[in-house]
Amino acid sequence: KKAPHMNNQHSLIALFVLINIILIPTKAHICIYHPQQRGGWNVGDAQPGDSACFQPTGPCGKTTAGSPSVNLVGGTSFSVGFQQNLNHYNPGHPGFLDLAYASASNNPTDDDFIHLALIPDYWPHLQAQQTNFSVVVKVPNIDCDDCILRLRYHPNKPTEPLFHNCADITITKSSNPNFPELYSFVQDPTTVASKFVKVGSDGTLIPTTNAAIVHKSTQDNIADLSNTYFAQGLTAYSPVSGLIYFVGDTQIRFANGNAPRSIYAFDPLTNAIEYVKTLNNTEMNSHTQINALLYGNTGQKSPLILVRQVDLGQYKFAYDVAIMQDIEPYYVSKTIGSTKGDSTFVNFFWAEYSQTPDPVVYILAGDENSLYDLKVELNTISLSSGAATSIELDYSKYTVSVIHVDDSTGKIYSISPGLFGRQDWSVVAINPKTGNISLVAEIENASDFETGYDGGVYNGLQNGVIYHKFRSVYDGRSILAAIDIKTGKILRQTALHTGVNNLLDLHSTIITSQ
């Protein structure tokens, strides 16, 4: 059977304070598949009326307790996956499903469990309807070596019992449950609007500005945020000014010289986004588009680095860099350096600034005709001499779409999903001179994450830790993880509260503090 989040049948919607719930009916009483319930259970083999889902005895049925199936970190969020294996809806007096936890050491009764989430029952087409739920719950920040996660289905029906199932878990109290300070755009695909949010350490998305940022324009007022397009990924944080910068404009077409060329800034102290500057034709000609904003300690006061792609004609493109002062009059320098024209590696992926041992900008670009193996090229432009070099990376073992530079060593790292068709998440190092990609460490629990290339976080390498967004193989939920670059160990992770069916899309996620 397909994974729960891949099922194409009808979906139910339920929204609750502090939790996000995915309801996905599949054609296949109550069972837990993530984490595994006592005795284990395979959702892919389940049939309506499965005996493992019939546990009318509280609080956990009659299955013997076993070893913990998962260790949860306190102060984060976790996505619980379970199935309503048969439906017993009671019209007029509908019941509910709920999740709760308790310590097993006290031989808890139903009344001893502490509630985490409550989901109302619904009336499907069939009583034999199997409905998979994915519920994001906040994990209490406690130590519990023998905890129980309990699931109940209360049909509120005199002809039906109260159904139970439990998973044995442990919870480890976190002395530092917080992630660095993160901000992100979050877009609802059912509208044209995005909001700029702060990402909480428990995965909650906290609105910053009152107004929605609309990715569609009908007016020409560049200072009117409700009619401004903000490009995905074009963001940089300046620790000098304390501002987060974006590229945007009222123009959203990328042809005929209409690429976005205005700079905006968000101030975390005031929660306001303000217009900064529009690049004129001297600073950015009609054949150029901005691909990335970077902050760099280049010896100039509070500079922003503009990474641009230049259309040379006849399907040849080059990358160049220029420096913009982020204080008035926001002067933009002439081009510092440029790569040679190329017609193969024309898909911009990522850019990073490195000041060790010499200030350079790295630009990662992909071959758009590389359908299965993701061929990429690493361009290096020196900010002191303007010299540029390009080298194709060795993709025979690892593929990459994101790069991070360790400021203390100048080494380039990446999070790689491995080769197409495999699931080999790893921390890898990239040699900019030889193009070699070498293994640093395999990421633990890699099989929990779908493969993909869209999880990069800007300023994502901090003090030997890379921050990356994954998608859960269980329900497609977005997960923010902190990964030790030396060991591949996941130090912290939390499910993100990205809405019903994980519909909310986070992009331009950036770290502004450690």
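1. Largest cavity. In this predicted model, the largest cavity holds about 80 Å³ of space. Its lining is made up of Leu72, Phe78, Val80, Tyr101, Leu116, Val137, Lys138, Val139, Pro140, Leu149, Ile169 and Ile171. Three elements, β5 (77–84), β8 (130–138) and β10, each give two or more residues to that lining. Sorted by class, the lining has 11 nonpolar residues, no polar ones and one charged residue.

2. Five-stranded sheet. An open sheet with mixed pairing has five strands in the order β4-β10-β9-β6-β7. Its edges are β4 (70–73) and β7 (114–120), each of which pairs on one side only. On average, neighbouring strands of this sheet are turned by 30 degrees against each other, direction ignored.

3. Pairing of β9 and β10. Within that order, β10 stands next to β9. The two strands, β9 at residues 144–154 and β10 at residues 163–172, run antiparallel and are joined by eight bridges. One position to check on the display is Tyr153, which stands opposite Phe163 in β10. In general, strands of a sheet pair through backbone hydrogen bonds, either parallel or antiparallel.

4. Gln130. This residue lies in strand β8, the strand that also gives two or more residues to the cavity lining. Is Gln130 buried or exposed? Gln130 has a relative accessible area of 0% and counts as buried, because the cut-off for that term is under 20%. Its side chain and that of Gln83 are joined by a polar contact of 3.0 Å.

5. Thr208. The loop between β13 (205–207) and β14 (213–214) contains Thr208. With a relative accessible area of 8%, Thr208 is buried as well. What lies 2.5 Å from a polar atom of the side chain of Thr208? The backbone oxygen of Phe196 is found at that distance.

6. Four-stranded sheet. A further open sheet runs in the order β19-β20-β21-β22, with antiparallel pairing. The edge positions belong to β19 (288–295) and β22 (337–338); each has a single partner strand, so one side of each is left without a neighbour in the sheet. Strand β21 (residues 316–325) pairs with β22 over two bridges, in the antiparallel sense. In β22, Gly337 is the bridge partner of Val321.

7. Strand β33 and its first hairpin. Strand β33 covers residues 478–484 and is mostly covered, with six of its seven residues buried. Strand β32 (residues 465–471) pairs with β33 in the antiparallel sense over seven bridges, and Tyr467 stands opposite Ala482 in β33. The two strands form a hairpin with six residues between them. In the turn, Gly476 has a positive phi of about 75 degrees.

8. The hairpin of β33 and β34. Strand β33 is also joined to strand β34 (residues 490–495), by five bridges, and these strands run antiparallel. Here Ala481 stands opposite Gln493 in β34. How many residues lie between the strands of this hairpin? There are five, and Gly488 takes a positive phi near 75 degrees in the hairpin. Taken with the preceding point, β33 therefore pairs with both β32 and β34, because a pair needs at least two bridges, and there are seven to β32 and five to β34.

How values were computed. Residues numbered from 1 in each chain as written. Predicted model: local features only at pLDDT ≥ 70, side-chain atom pairs only at ≥ 80, totals over all residues. Heavy atoms only, no water. Axes fitted to C-alpha atoms, helices over the stretch in contact; angles between N-to-C directions. 1 Å grid on protein atoms, 1.4 Å probe; cavity = no way out; pocket = protein on both sides within 12 Å on 5 of 7 lines; lining within 4 Å. Points joined across faces, edges and corners; volume = space filled by probe spheres on them. Nonpolar A, V, L, I, M, F, W, Y, C, P; charged D, E, K, R; others polar. Buried < 20%, exposed > 50% of the residue type's maximum accessible area, 1.4 Å probe, protein only. Polar contact = N/O pair within 3.5 Å; in protein donor to acceptor, adjacent residues only side chain to side chain.
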